[in-house]
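User: Hi! I'm new to this one and would love a friendly walk through it. Could we look at it together?
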Amino acid sequence: MPLPKATYRLQFRNGMDFEKAVGLIPHLVGLGVSHLYASPIFCAVGSSTHGYDIVDFNEIDPALGGIDGLRRLVGELKAHGLGIILDIVPNHMAAHLENRWWHSVVEWGRSSEFASHFDIDWRQPLTLPFLGQEFEEELADGRMQLAFDHDRNCLAFAYYDALYPLNPASYPAALEGCGPVLDRLIATASRAEASHAAAFHSEVASFIKAPSVAARLGAHLQRASADKTLLQRLHEMQSWRLMSWKTARDHLSYRRFFEIAGLVGLRVEDPAVFGATHRRVIDLVEEGLIDGLRVDHIDGLADPEAYLHRLRERAGEHTYIIVEKILEANEALSEGWPVDGTTGYEFISTLADLLSDESSELWSDVQQFATERAVTACKLQVLSHNFNAEVQRLAALAARVRGDDDVPAARERIAEAIRQLIAAMPVYRTYLSDRGARERDQRMLDGIEFRARAAAPEIGAEIAARVACLKSNDAEADRQAATEFRTRFQQLSGAVMAKAVEDTFFYRRGDYLAANEVGAAPSWTPGGVARFHERMRERGRSSPTGLSTTSTHDTKRGEDARARLYVIGEAPELWAAAVDRWRDMNRTHRQSGADASEASVEQFLYQSLLGAWPIEPLADENDLSSLRERMEAFAVKALREAKLRTNWDSPDERYEAAVTGFLRDILDWRNRAFLDDFENTAAPFIRAGLINSLSQTLVKLTAPGIPDIYQGSERLDLSLVDPDNRRGFSPRLSLSDLPRQPTIGDFEDCKQWLIGLCLNYRQGRGAALLASGEYLPLDIQGPASRRAAAFMRRREDQLSITLVPRLVFRHLGDGLTVRSDLWRDTYLLWPEDCEPRRLRNLVTGGTMNAQRRIPMSEVFRDFPVAFLVPQ
């Protein structure tokens, strides 16, 4: 199948399975997408709501419909001319006992055939941080029992519903004094080997099947569970240690996905592990079921480039492959990667340039400096707390490299050097390997060394030594440790950037939430139309087949909420005055004393509320109740992510209750003074935001890149961060024609109609033009020139023109319109290097004569955005 022309991202689970996806196909056909873009579909933990916690890479999840359901879905897609792209997860899988590989590692330790599948430091016992308290406390409270796991046929520690298997070598101690009836079980365990684990479990099952044996075993285990000394001794005999989840940050012995202990890192750099984790998906590709692959969290891998070359070799040249990769400002995708592009977060940042007011008083050099300091502080905080175990592992590796791993003071100096270097990283990671360091990475290392030494001159020698080790390990005494240090350092830096910026700083900064998005640079300021054109030109040259996304399952807010929040930059003084007024109005709802919410938190909540506020006035108390519940859940997550007065490890429930209670009070139907004031104040922001939404939608559909539509966002997407953005949705039929003089209430129909119009054009006569046509910025001349942007796509004798408004908050007309007098004496200029042509506006059906100066008032006469093609 050819490259996608447009994708539709569908989140399976949460009520969506293959059968229901089949029912969506007519909707997808009507929209004009070419490919369904599916979230992970392999077996996940039974309670999974997202599918990224995989327990079996080689089985399609029966909960979704299994392989038969997948084949039916793909068959129906292909019968309608659609393909499918599958999200794959090579970095991690669930550290859960439902995972057969993980269960084997817990049971057999390092001798398990799957021990090398996971990124585990076997120089210490495998840590299992899944207890509410430390093991000794849980034991004392009687929550640890010995039990027989009838599903796995093994002895286990029982903790609530979890059954942690005992190593067979410890069975004699567990069964001591059990009597001759169970001697056979002891003998079987004594000769058990991990390489024959299945035979061992089968023999145990056969033996325990006898009712008398099962009864004797049950009675013994019940007696033994009362012997806390025995249970402590058995625990110490295992190759693992159960511990509180709260101490994982200090003692974890395996690499996690970010800071989630329930997701364990995989060693896909090992060809055997790659084969074991990719066998089924490659079969699906070779069978012709799957047309493309989306690689989750590429920066978590030990060697992304080597992985991608192996994937490309196995999947073939014709498989569409994209990577989830965050590109910082001016960062390009590595040229050596054999991929078709990224999932498109950088496209959101480019739209922020277009739709934010670059002249706003929100931006200042003082603010920039404060942001840089705040981000560094966030990075150092998560390095010292959330990722302390990873830092200590790196410090131990570095100490081994130079031979002083037994000196605690030296270890701490090394740890601090690591923290300072990672805190100085301006991007997610470098891509150093045994193949050497590219010039880009050499410059990056020089830069972070300079910044780290300036921040911590007292450990300058340690910082320099760590950078030297990263650049080359040829001179190191322990080259294996040096190689591992380099690998783990790079895997950690990306996780720190994500957690410190996206999941900490962006929940603290509340002045312009539209900029707080996945992939956004914290020190970003808008570059306006000029930077937008520059980035789009570069995108056309370097990434024409990458996705252009505006909403995903990971974005901090829905695309229409973000489009609305851009408007605050146009009227910051009005918004600030409103916030001051609301703080005064709602002062009686704010708790006093230690639990009171800060002004910055209240500001953050008001702006978040603006993003989620419905476009039509609240009809009744039920509408308000639903919004209130969503906001309360969001507030708790936001407060914990900010990590200032509460966090996930040690939640301050009184403080959280004070904030959610404040929300509950101000969003009470009886609090009419505030609700009416908020609704009236929000109204022009909402209307201008809807214009922004149509602008960003048309740009996404016609600019370089492949448009990506997130489920339900073809209509109105005012979602908050996950899990709010993973709620179910109900598709609607597209209109046959655009409403004349559309109102705010028509917005969803207008947006969906615009998507269908442009995507069907991409599928038809505009396919080659919008896939590979040149991107040409067009000039606008006149008094309103900064309030619009235009570009041409050009290929051979084909062309199209996209024209969208921006910064129109103070120029709104009725409904979904901009006042016509704004465009007086303002013209779109035809490029000098080609002859003007008569044009037709595909959106409205109107036509324009060939002319070098096209009146903007004529283009925007009947609808706020325009897509022009030769008549």
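User: To start, how are H1 and H27 oriented to each other?

Analyst: Happy to help, and please keep in mind that this is a predicted model. The axes of helix H1 (residues 18–31) and helix H27 (residues 747–763) cross at roughly 70 degrees, so H1 and H27 are roughly perpendicular to each other. The two axes come within 7 Å.

User: Which residues make that contact between H1 and H27?

Analyst: On the H1 side they are His27, Val29, Gly30 and Leu31. H27 brings Gln752, Ile755, Gly756, Leu759 and Asn760. The residues of this contact divide into four nonpolar, five polar and no charged.

User: Cool. Now H20: what span should its 15 residues have?

Analyst: At 1.5 Å a residue, helix H20 (residues 528–542) should span 21 Å. Its end C-alpha atoms are 21 Å apart, which agrees.

User: And which residues of H20 are buried?

Analyst: Those are Gly528, Val529, Phe532, His533, Met536 and Arg539. Looking down the axis of H20, the buried residues fall within an arc of 145 degrees, so they line one face of the helix. On the face turned away from that buried side, H20 carries the exposed residues Ala530, Glu534 and Arg541.

User: What do the buried residues of H20 pack against?

Analyst: Their partners include helix H13 (345–355), helix H26 (672–702) and strand E21 (788–795). Strand E17 (547–548) and strand E19 (774–778) are also among them.

User: You mentioned E21. Is Arg793, in that strand, buried or exposed?

Analyst: Arg793 has 1% relative accessibility, so it counts as buried. Arg793 and Ala703 are 90 residues apart in sequence, while their C-alpha atoms are 7.8 Å apart in space.

User: Let's try another helix. Which residues of H14 are buried?

Analyst: In H14 they are Gln367, Gln368, Thr371, Val375, Cys378, Lys379, Val382 and Leu383. Seen down the axis of H14, these buried residues fall within an arc of 140 degrees, so they line one face of the helix. Val366, Phe369 and Arg373 are exposed residues on the face turned away from the buried side of H14.

User: What does the buried side of H14 pack against?

Analyst: The buried residues of H14 pack against helix H15 (388–402), helix H16 (408–423) and helix H19 (479–502).

User: How does the length of H14 work out?

Analyst: H14 (residues 365–384) has 20 residues, which at 1.5 Å a residue should span 28 Å. The end C-alpha atoms of H14 are 29 Å apart, which agrees.

User: And H25, which residues are buried there?

Analyst: The buried residues of H25 are Tyr655, Glu656, Ala658, Val659, Thr660, Gly661, Phe662, Leu663 and Ile666. They pack against helix H23 (599–612), helix H24 (621–642) and H26.

User: Switching topic to backbone oddities. What is the peptide bond from Asp722 to Pro723 like?

Analyst: That bond is cis, with omega near 10 degrees. Pro723 sits in the loop between strand E18 (706–710) and H27. For context, most peptide bonds are trans, and most residues other than glycine have a negative phi.

User: What about phi at Gln741?

Analyst: Gln741 has a positive phi of about 50 degrees although it is not a glycine. Gln741 also lies in the loop between E18 and H27. With 72% relative accessibility, Gln741 counts as exposed.

User: And what is phi at His297?

Analyst: His297 has a positive phi of about 45 degrees, and it is not a glycine either. His297 is in the loop between strand E14 (292–295) and helix H12 (304–315). Its relative accessible area is 12%, so His297 is buried.

User: Where is Ala302, and what does it touch?

Analyst: Ala302 is in the loop between E14 and H12. Leaving out residues up to four places away in sequence, Ala302 touches Glu269, Arg429, Thr487 and Gln491. Ala302 counts as buried, at 11% relative accessibility.

User: Last one: what does Glu462 touch?

Analyst: Glu462, found in helix H18 (residues 460–471), touches Arg402, Arg413, Ile414 and Ala417, again not counting residues up to four places away in sequence. At 6% relative accessibility, Glu462 counts as buried.

How values were computed:
Residues are numbered from 1 along each chain as its sequence is written. This is a predicted model: local features need pLDDT of at least 70, side-chain atom pairs count only at pLDDT 80 or more; totals for chains, interfaces and linings use all residues. Side-chain values use heavy atoms; hydrogens and water are left out. Axes are lines fitted to C-alpha atoms, for helices over the stretch in contact, and angles run from 0 to 180 degrees between N-to-C directions. Helices (H or I, at least four residues) and strands (E, at least two) are DSSP runs, numbered from the N terminus. Angles under 35 degrees count as roughly parallel, over 145 as roughly antiparallel, 65 to 115 as roughly perpendicular and the rest as oblique. Contact means heavy atoms within 4.5 Å. Ala, Val, Leu, Ile, Met, Phe, Trp, Tyr, Cys and Pro count as nonpolar, Asp, Glu, Lys and Arg as charged, and the others, Gly among them, as polar. The expected span of a helix is 1.5 Å times one less than its number of residues. Buried means under 20% relative accessible area, exposed over 50%, partly exposed in between (1.4 Å probe, protein chains only). The arc is that of the directions from the helix axis to the C-beta atoms.
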